[in-house]
2 protein chains.
Amino acid sequence: MPRREVFAVAQLGPIHLADTKDAVVARLIEMLREAKGRGAGWVTFPELALTTFFPRYLYDAPEDYDVFFEEGLPSPAMVPLFEEARQLGVGFYLGYAEKVEQDGRTRRFNTSVLVGPDGKILGQYRKIHLPGTKEPIGDPEFEHLEKRYFEVGDLGFPTFATPSGRVGMCICNDRRWPETFRVMALQGAEIFMLGYNTPTRNIHHAEPAHLREFHHSLSLQSAAYQNASWVMAAAKCGAEDGFAMIGGSMIVAPTGEVVTRATSEEDEVITYDCDLDLGAYLRRTVFDFARHRRIEHYGLITQQTGIEVPK
Amino acid sequence: MPRREVFAVAQLGPIHLADTKDAVVARLIEMLREAKGRGAGWVTFPELALTTFFPRYLYDAPEDYDVFFEEGLPSPAMVPLFEEARQLGVGFYLGYAEKVEQDGRTRRFNTSVLVGPDGKILGQYRKIHLPGTKEPIGDPEFEHLEKRYFEVGDLGFPTFATPSGRVGMCICNDRRWPETFRVMALQGAEIFMLGYNTPTRNIHHAEPAHLREFHHSLSLQSAAYQNASWVMAAAKCGAEDGFAMIGGSMIVAPTGEVVTRATSEEDEVITYDCDLDLGAYLRRTVFDFARHRRIEHYGLITQQTGIEVPK
């Protein structure tokens, strides 16, 4: 029997500083219903989906940036979304800023949660590859102070059994690192879900603008192909208070082909009827890990962090 | 001072069973001169560049397939090429079937050699990711008996200092595995050279034909971008005694962009004037390995070979 399921990606247009979380959650719920109406069993929402991309701004005191963070799961702001999804029977991935009391102190992470179609919380992922800097680089258009507001994730790259296959989660900059997807695929993940907030201009370099979208797409397509898995990628995009971010939300098949993509930089739902066994032929042949991987020659990948030129 | 150098990729059209090695080496020399005439300091030749892609045929006795192998470096057949390259002052990568007495026995590898512009042999690479099977699958169009004729390479993924930057080598199917390029990049490789023989039709599955070329290109482009390195990829292509292989020889910039590619399935030289520092901005920022890689979360990549679904 074919394993087919309609998946949706819900792209968010800009969220401005002045927008309330209630207003944002209403937009998420509208897209959730739209996805359900098109037959989707799962929806992927973006990274930090409840607020503007606040790491572009400099704050010093926790009381000044705590407003962007969520406590509890669901947090009070999330409750209407969780409730609606449970009633509709739609599972989802949602990115948010997490504040948690853990190890006797307050900790903050850039987090995503996976909720099943039955409303059960399947688990969390906390972003590992935090881009940017802790201190400002001096150009407000390009600030990306994620290392200031978040700790590096402490949950590894967990994967979760769902009625539609094994799902792995990552967030934004994680997608540029092939290690991210390989670790999830080695656990049997068949579907990667991720959200992102990616500036339209490169933060650190006068790089041609077309490369921003190309690198995004290249990263997702190679991750899909090399791991024979589906990729669901949701942007928050458009200009938030004047700061532009790319759209390009997409679903990528295990063949590496982009099978649907958003064309706007606004709220937009895309869906695709996914054959979850499409990657099976690749896993049996060219990417049969057990038969072909040669871990005895991969040692440097986990032995050293940076480049070390041999003598 | 900008570090610029013209690199060439020399694609080979078909080599039939009846073709002699001398005739093939004459073709290689012609392309070497063509490359030199266009200012190239380096040429990348294909995998198993001296004979037809013989692993598509079934042989039992070593005396029946030894004719495809080279002994010594340069082997007698290679001497004219090595001599011409030294005289022209052009460095090169050459793929060949290697037969060697080692560890008290005869060993065979799918090998490449890197020779400097001064004629000095810089080193060898022996293919690690051998595709296909040891025993025939029963369909002569798709046989790929590399595991029959070659041992898995025993040299890791070595890299070599050259006057034009640090060079890493791999071969054909290695390019589908991100581990290949990461191990070389962690040693400081800035230029990846590789040759390939890739059937136009998928060996194991009725896969749409356009995917063969797409997966080739996707693998090279992601390898280049994710490691901020140049990729030089040389096909042996066209129909060898009726068995078709893809062309698509290309040079890929550290941005992941294909900057030049072959259009034929015949002998064809492509060149590009490469800025060897083009990847430097990526290595300083998004792909500053030392600052951003999180090896504590990559453990599975080297701990387990196949998929192990968590309990």
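Trainee: Which residue does Met193(B) stand opposite in strand 10 of chain B?
Mentor: Keep in mind that this is a predicted model. Look at strand 9 (residues 191–197) and strand 10 (residues 230–236) of chain B, which run parallel and are joined by 7 bridges. Opposite Met193(B), in strand 10, you'll find Met232(B).

Trainee: Which strands of chain B stand at the edges of that sheet?
Mentor: The sheet is open, has 6 strands with mixed pairing, and goes in the order 7-8-9-10-13-14. Each edge strand has a single partner, so one side of it is left without a neighbour in the sheet. Those are strand 7 (159–162) and strand 14 (258–261) of chain B.

Trainee: At about how many degrees does helix 6 of chain B run to strand 13 of chain B?
Mentor: First, helix 5 (residues 178–185) of chain B packs on the sheet, and its direction makes about 155 degrees with that of strand 8 of chain B. Helix 6 (residues 210–227) of chain B lies across strands 9, 10, 13 and 14 of chain B. Its angle to strand 13 is about 30 degrees.

Trainee: Over to the interface: which element gives the largest share of the side of chain A that touches chain B?
Mentor: There, 68 residues of chain A are in contact with 68 of chain B, and the buried area is about 6,200 Å². Across the interface there are 29 residue pairs in polar contact. Elements giving two or more residues to chain A's side include helix 5 (178–185) and helix 6 (210–227) of chain A. The largest share, 10 residues, comes from helix 6 of chain A.

Trainee: Which residue of chain B meets Glu179(A) in a salt bridge?
Mentor: The interface has 4 salt bridges. In this one, the N to O distance is 2.9 Å, and the partner is Arg293(B).

Notes. Residues numbered from 1 in each chain as written. Chains lettered and ligands numbered in written order. Predicted model: local features only at pLDDT ≥ 70, side-chain atom pairs only at ≥ 80, totals over all residues. Heavy atoms only, no water. Contact = heavy atoms within 4.5 Å. Buried area = accessible area lost by both parts, 1.4 Å probe. Salt bridge = Lys/Arg side-chain N within 4 Å of Asp/Glu carboxyl O. Polar contact = N/O pair within 3.5 Å; in protein donor to acceptor, adjacent residues only side chain to side chain. Helix = DSSP H or I, 4+ residues; strand = E, 2+ residues; numbered from the N terminus. Pairing = 2+ DSSP bridges. Axes fitted to C-alpha atoms, helices over the stretch in contact; angles between N-to-C directions.
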